[in-house]
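Thank you for sending this model for comment. My notes follow as numbered points, to be read with the structure open.

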4 protein chains.
Amino acid sequence: MKDVQSGPAEVAMPIDRVGVKNLRLPVLVRSRDNKGEVQHTVASVDLSVDLPARFKGTHMSRFIEALRAWSEELDYSSFKRLLEDVRLRLQAERAHLIFRFPYFLQRLAPETGTPALMDYQCTLLGELESGKLTFELGVDVPVMTVCPCSLAICNGGAHSQRAIVRIRTRSTGMVWIEDLIAIAEQAGSSPVYALLKREDERRVTEDAFAKPAFVEDVVRSAADELRRLEQVSWFRVEVESQESIHNHSAYAIIELDKNV
Amino acid sequence: MKDVQSGPAEVAMPIDRVGVKNLRLPVLVRSRDNKGEVQHTVASVDLSVDLPARFKGTHMSRFIEALRAWSEELDYSSFKRLLEDVRLRLQAERAHLIFRFPYFLQRLAPETGTPALMDYQCTLLGELESGKLTFELGVDVPVMTVCPCSLAICNGGAHSQRAIVRIRTRSTGMVWIEDLIAIAEQAGSSPVYALLKREDERRVTEDAFAKPAFVEDVVRSAADELRRLEQVSWFRVEVESQESIHNHSAYAIIELDKNV
Amino acid sequence: MKDVQSGPAEVAMPIDRVGVKNLRLPVLVRSRDNKGEVQHTVASVDLSVDLPARFKGTHMSRFIEALRAWSEELDYSSFKRLLEDVRLRLQAERAHLIFRFPYFLQRLAPETGTPALMDYQCTLLGELESGKLTFELGVDVPVMTVCPCSLAICNGGAHSQRAIVRIRTRSTGMVWIEDLIAIAEQAGSSPVYALLKREDERRVTEDAFAKPAFVEDVVRSAADELRRLEQVSWFRVEVESQESIHNHSAYAIIELDKNV
Amino acid sequence: MKDVQSGPAEVAMPIDRVGVKNLRLPVLVRSRDNKGEVQHTVASVDLSVDLPARFKGTHMSRFIEALRAWSEELDYSSFKRLLEDVRLRLQAERAHLIFRFPYFLQRLAPETGTPALMDYQCTLLGELESGKLTFELGVDVPVMTVCPCSLAICNGGAHSQRAIVRIRTRSTGMVWIEDLIAIAEQAGSSPVYALLKREDERRVTEDAFAKPAFVEDVVRSAADELRRLEQVSWFRVEVESQESIHNHSAYAIIELDKNV
């Protein structure tokens, strides 16, 4: 059967990235707290490689075969093995991989200690070239913010809202999702929870009003912590606050490359 | 050229609705306040008709021809003319039509009076059968809510958030988008605005804290107003509050058919 | 601590539904083929109850407590137990519940038999009132369609595209997700697959070109099968075809209530 | 009234970007073909500036005031004036601005010449620093692709689908949206249309089958044209094909910085 893909390209240009996008897949992720335990979740996956100028096309089915053959827990080293396998199967120089998935953590309500699951949207991105892995870990963490301006000028009360802290990091050593969540949560006026009894609601509200924060404060506080994390070589934090007094968001971004 | 669509169906079942979906179109909408004035916006449109059991297919290009031929301002009577034209072109019993579009209103900040545009997502839905038009008007209105429980139990402060009031109405007489927006806004703790100077922000916050409201309060207050609007024969209100202390929403729904 | 929620409502109207929306949760779902086996997936959940006219508010944290207490595999009877538990905890007349989740099935490529996972978006909706459960099962199934008109009039070739078959059923007896997927797939020109080697791609294409189908044909074929399924008392099928020659979709809907 | 924003920051870090996000706004855009004519559309807008380490916060209402004061047709020079005005109002070094909007063009069906509107999603992004404007224009163009592999190996037929060509360019001189659309459309197997009579459908299908193209072919062909456009200094093309035989997309990306 004719292999059209291996034929010559009409326009002889190398392609940076060619592959498959938005594949859904059940995955196992190892968590920090539950030593040895893993959690089941569902990921959306993009897989790609580079393509030299001389080939017309890549062989798309091999990406799916690589995913099938890889049936491991998702962690740093299994992620790297998958990238290496993709690179070899596709006879490419570079392999590129993104996993996006919700990650669940049991959180205790701050006053009653009632446990409940919270979900955090995570992103794992990796590129492997000449044996060198660039690894990016990201997590989106909802927090509560109380407006410092509103609190200072109002006669009782201040508007608050949900804000999303989006952290992306590149690292040389290990960074856990749990560490990034902790950094995001300490930066807001208060963490948010799935389950709060009335005593907890009072505690969260009072804690948040005692620590008002603009998006500017939140992004700086998170960036300050990430700056101190030795194994993080690059990071980007975006805070988006779903303003309760507006129909638009306020946002702030800090990006830092420690190698520059 | 063969007309496959007019051939016999393999399974002789009537089809409730067949047509095109998610067409984007610039449209003109007449507003209540600016007498005679119209506003330009962009709509996403679905158009469909019924299909008798005996025909294999409908003629999809005729829906687009009907839209092209119709180049009027969007209001009750032009909407009806479009439905009638679609029904005739497709030789159908029933025609069905949905327009979704953002609608803009100039709003004044409550203290300084500074004007700025707010956008509201609107839905116009119509079905024409045997000369009888069923007409549904909907609008999604963002408001601010302050939690009454949090306000009652906390020592200073209370959590607030953006909530969306989604109103859908069927009516015998005319209902304006502006009327539904007013009903939604009075039901929340405060309207939201695009532009607030500090004096306005204080006013909005203080007004909202003076009128705390659960989603239950908001949905009932809006439903109560809609119940009193004589020309409204059916309505549905959903309030969804993007809780600032949680990562999920609280919501409440009231639906009322006055003919039952 | 004050219980504001149990206080009197300002507007004494009953609320049809009040609760929480868009909670994410890991769940276990039992599959038909793998006897005794269950699969791990992630659901988005809405939970609500009715609220009598006399109460100001519901107690939102109890919904989350009900979900925590329920840690079973998702099936017809565990779903009913959760609804009953929610109704009791909230002291309500009616409880209402929606789970949305991706469901995975191993499918074999049609020629080489290579296995790979496909995902299908599912919806479970239930309402319990006076011991009576209304149960709705839904699944969205991607298929391929080849245009019969294009095939008839073109000199070689015909446009094809991905179409989504959305089935919703209410039933008295058991209906499996797998059964609805099979009904949707037989209705299109061909099923779609995650992994196809070249031999498989040829087979899929040739099979699809031998069975051209409009959205009208697909919706009727699926409706015809659902009409014959005895335990299905009501159904709705929508087929949306992402036309490859247009930037909009073609769609068709059939709804049938066997009790009418 | 206290100006909390102008107070000192707790963490003295400069912020790369702080502002407002997802504002909706009616805008006027000048088109190339209709000399002197402008079209009405609706944009979603992000506006931001940098913030020095010493200030606690920016003044968010000034972004909205700048948008209000700017009531011009959207083109290169009015865009630059808005950026300069934002920079001045916020007393910043850099201003950053994104407009996203649907843009409409009348297209003629290829055989009958029947006119109908097509919509293309556009992005205008600009950053102004020390009088220097970085300007990025983007457009997403739907096209049809016929699979060359399927066409070569099948006994009659080949699968086709809608693909989206996403072009982003930075330029020194003027680039029109219409030019980028033309580049994207010639790269696919065929353009897509809003309105096609049967004669047109035959023509589109036959044209497309005479010019089969992988995502790799489409991305290279578009990149080749952009490489030749002198005023384009940087570009990125992504082609995403909504495969009709799969439930995932195939994609390819080429990025080129001519200054490197």
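How much area do chain A and chain D bury between them, and what percentage of it lies on carbon and sulfur atoms?

1. The buried area between chain A and chain D comes to about 4,400 Å², with 57% of it on carbon and sulfur atoms. This is a predicted model, and the values in these points should be read with that in mind. The contact involves 56 residues of chain A and 56 residues of chain D.

2. Charged and polar pairs also occur in this interface. Six salt bridges are counted between chain A and chain D, and a salt bridge also joins the side chains of E240(D) and K21(A), with an N to O distance of 3.8 Å. Polar contacts across the interface of chain A and chain D amount to 29 residue pairs, both residues being at pLDDT 80 or more. On the side of chain A that touches chain D, the elements that give two or more residues are strand 1 (15–30), strand 2 (38–51), helix 3 (148–153), helix 6 (215–228), strand 9 (232–241) and strand 10 (249–257) of chain A. Of these, strand 1 of chain A gives the most, with 10 residues. Sorted by type, the residues on that side are 30 nonpolar, 10 polar and 16 charged.

3. Strand pairing crosses between these chains as well. Strand 10 of chain A and strand 1 (residues 15–30) of chain D run antiparallel and are joined by five bridges. For a reader who wants to find this pairing in the viewer, S249(A) has K21(D) as its bridge partner in strand 1 of chain D.

4. The contact of chain C with chain D deserves its own point. Here 35 residues come from chain C and 35 residues from chain D, and the area buried between the two chains is about 2,900 Å², of which carbon and sulfur atoms give 56%. Within chain C, the residues that lose the most area to chain D are R162(C), I245(C) and N247(C), which together account for 23% of what that side buries. No salt bridges are counted between chain C and chain D, whereas 17 residue pairs, both at pLDDT 80 or more, are in polar contact.

5. Which elements of chain C give two or more residues to the side that touches chain D? They are strand 5 (115–129), strand 6 (132–146), helix 3 (148–153), strand 7 (160–171) and helix 5 (198–209) of chain C. Helix 5 of chain C supplies the largest share of that side, seven residues. By type, the residues on the side of chain C that touches chain D are 15 nonpolar, 13 polar and seven charged.

6. N247(D) is worth inspecting individually. This residue lies in the loop between strand 9 (232–241) and strand 10 (249–257) of chain D, and N247(D) counts as buried because its relative accessibility is 14%, against a cut-off of under 20%. Leaving aside neighbours within four places in sequence, N247(D) is in contact with N22(A) and R24(A), and also with M118(C), D119(C), P142(C), R162(C), V192(C) and Y193(C).

7. Is Q161(D), in strand 7 (residues 160–171) of chain D, buried or exposed? With a relative accessibility of 2%, Q161(D) counts as buried. Its side chain makes a polar contact with the side chain of H159(D) at 3.0 Å, and the side chain of Q161(D) also reaches the backbone nitrogen of S244(D) at 3.0 Å. Not counting residues up to four places away in sequence, Q161(D) touches, among others, S160(C) and S244(C) as well as V143(D), M144(D) and T145(D). The C-alpha atoms of Q161(D) and T145(D) are 5.6 Å apart in space, although the two residues are 16 residues apart in sequence.

8. A last point concerns chain B. Strand 9 (residues 232–241) of chain B is largely enclosed by the rest of the structure, because nine of its 10 residues are buried. Strand 9 of chain B runs antiparallel to strand 7 (residues 160–171) of chain B, with nine bridges joining them, and I164(B) stands opposite E240(B) in that pairing. Strand 9 of chain B is also joined by eight bridges to strand 10 (residues 249–257) of chain B, again antiparallel, and there E238(B) has I253(B) as its bridge partner.

Notes: Residues are numbered from 1 along each chain as its sequence is written. Chains are lettered from A and ligands numbered from 1 in the order in which they are written. This is a predicted model: local features need pLDDT of at least 70, side-chain atom pairs count only at pLDDT 80 or more; totals for chains, interfaces and linings use all residues. Side-chain values use heavy atoms; hydrogens and water are left out. Helices (H or I, at least four residues) and strands (E, at least two) are DSSP runs, numbered from the N terminus. Buried means under 20% relative accessible area, exposed over 50%, partly exposed in between (1.4 Å probe, protein chains only). Contact means heavy atoms within 4.5 Å. Buried area is the accessible area (1.4 Å probe) that two parts lose on being put together, summed over both. A salt bridge is a side-chain nitrogen of Lys or Arg within 4 Å of a carboxyl oxygen of Asp or Glu. A polar contact is a pair of N or O atoms within 3.5 Å; within protein, one must be able to donate a hydrogen and the other to accept it, and residues adjacent in sequence count only if both atoms are side-chain atoms. Ala, Val, Leu, Ile, Met, Phe, Trp, Tyr, Cys and Pro count as nonpolar, Asp, Glu, Lys and Arg as charged, and the others, Gly among them, as polar. Two strands pair if DSSP finds at least two bridges between them.
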